[in-house]
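I opened this notebook to keep track of what I looked up, one topic at a time.

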Amino acid sequence: MAYQHISIPESGEKISVVDGRLSVPDNPILGYIEGDGIGPDITRACLRVWDAAIEKAYDGRRRVHWCEIFMGEKASDTYDGDYFPAESLAALRDLTVSIKGPLTTPVGGGFRSLNVSLRQELDLYACVRPVRYYEGVPSPLREPEKVDVVIFRENTEDVYAGIEFASRSAENRKLERFLRDEMGVDFFEDAGLAIKPISPFGTRRLVRKAIRYAIENQRESVCLVHKGNIMKYTEGAFRNWGYELAREEFAEHTVSEEDLYRRHGGKRPPGKVVIKDRIADIIFQLMLLRPSEFDVLATMNLNGDYLSDAVAAEVGGIGIAPGANMADHVAVFEATHGTAPKYANLDKVNPGSLLFSGVMMLEYIGWKEAADLITHAYPEVVKRGVVTYDFARLMEGASEVSTSAFADAIIDQINGLDVESKRQERLSAIERERSAREAWHASDPHGAMEASGRRPHTVRDIMTGPPISVDPAANVRDAMQLMRENGISSVLVTPGDGGEWGIMTQRDIVSRIVHARRSPGRVRVEDIATRPLITVPIDMSLYDCSSTMLASKVRRVVVMGTDSPIGIVSDTDIFETVNEFGWTTEDI
């Protein structure tokens, strides 16, 4: 494609996608947008650091060819007032991987923000925000080193979809009448109205990306963050679809938290990623109290917005928090803070957010050696007290330096760094933390579950499974032996001529064998089994499950998967859950 103002470097090669994966040459062309306000200052500094790390890591064998792309105020000057040029969007797609500084939104520009428009136009559905502590950085926590999470925030749905109608507007009145007259919904007069779409498609692609990241980076868990106990058909559906995707697409690589404790005694099987979920308000508490229990978080848009900034504050603030907006392959890495116009062109601010977004970018293209150099050099400089003004005012004896001088210090540290020893030191610390945590989980599973915020809400959380089944032609004596060997009180009976599953319980033995004076060795299971099964879906709430049991006059129900039983829930299971975790109106 021919561009009007963008010059693609002739000496480099574009990144391509081959068989669904990035194909990165040794001389890739990467795009960059300087940004507005402080953007030029931090971009110039970071470009020097990234280039120095690449040179040190690969000794000239690899090199990035940078291509400037225009957006924001610089684009307005170049494209006759256009802050969001079409050719800039085309270049971001064409180059696949780019990075940008902060952008301002023009007043009356016709869209809510350049950042939102960029995400929508390129369908950058995942906002990815790694948050970890770097030694020496001022933090309000006692043990900030325990914070090391990667937040995957869905970027396109939820209330951020922008489907809202102003109070008393004609559109609002039309929707108001429909909701009141057709749907029987009641709410206060003149309320502003908004629609919160959460779809299987949007959920699944976000959770898929989060799980793939966890697998490829040897992370321990993926936690689905939601408020599904209240918003069952949006946030609750996000949770359910996330679990469903993990079962369907990553069964060999994942284990549910329920199975972790039920089948594995709290000890994570080697190489498996634990899939779990937490209520949104609880995760905010836990990221303060027990942050090491969480590794990768997958959230909807609004929860993710709150959470990513709140967790960043725990480890030094948004000024050093990196981020990226990603599609399946196209990715735009970015500074996560604003333009700070009062500091523009003063060579003053901390470049950390953009710097570490560049580290993410290097990791994304597979250049981890260069990324590690920056990751390990940064805290060494900060520990010496060489920092920009924002950290200097929080540290005793610090030497305040400019943005460019801070970049110089990082480059000097990179050139003299024994990165392998630092890498091994960090890996050893991670392994010690994991081993201690897993030992605690195994020694006190119930205590570990409660402390880590796990609270059962659906039959999925408490079911026993997979159930053991027997052939309808088997004799009752053999089925009883199977029940005794497995310590269970019932077995399922596979479909017979009628095509329906059945169940045989200890109560059936008492009432239909012992009380009827029959010999278990001479009676077929088919003759005393109960059909049809009373079944419930996997995402049914415990409240609704108890209602089903009472209405059907049974003590247990069978949890159905797509086409066969996958678990059993008994009244004893519900009793033990309530006894252990309590019961509130929010559980209904």
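My entries below cover the sheet, the cysteines and a surface patch.

I note that this is a predicted model, where local features need pLDDT of at least 70, side-chain atom pairs count only at pLDDT 80 or more, and totals for chains, interfaces and linings use all residues. Residues are numbered from 1 along each chain as its sequence is written, and side-chain values use heavy atoms, with hydrogens and water left out.

Sheet. I looked up the strand order (strands are DSSP E runs of at least two residues, numbered from the N terminus) and found an open sheet of eleven strands with mixed pairing, running β4-β3-β5-β15-β14-β6-β7-β13-β10-β12-β11. Because β4 (65-68) and β11 (254-256) each have a single partner strand, these edge strands are left with one side lacking a neighbour in the sheet. I then checked β3 (residues 29-33), which pairs with β5 (residues 97-100) in the parallel sense over three bridges, pairing being called when DSSP finds at least two bridges between strands; here Gly31 stands opposite Ser98 in β5.

Cysteines. I searched for disulfides (a pair of cysteine sulfur atoms within 2.5 Å) and found zero. For Cys127, the nearest cysteine sulfur is that of Cys223, 17 Å away. Cys127 is buried at 2% relative accessible area, and Cys223 is buried at 0% (buried means under 20%, exposed over 50%, partly exposed in between, with a 1.4 Å probe and protein chains only).

Surface. I last looked up Met183, which lies in the loop between α5 (170-182) and β9 (193-194) and counts as exposed because its relative accessibility is 52%.

Definitions and conventions:
Helices (H or I, at least four residues) and strands (E, at least two) are DSSP runs, numbered from the N terminus.
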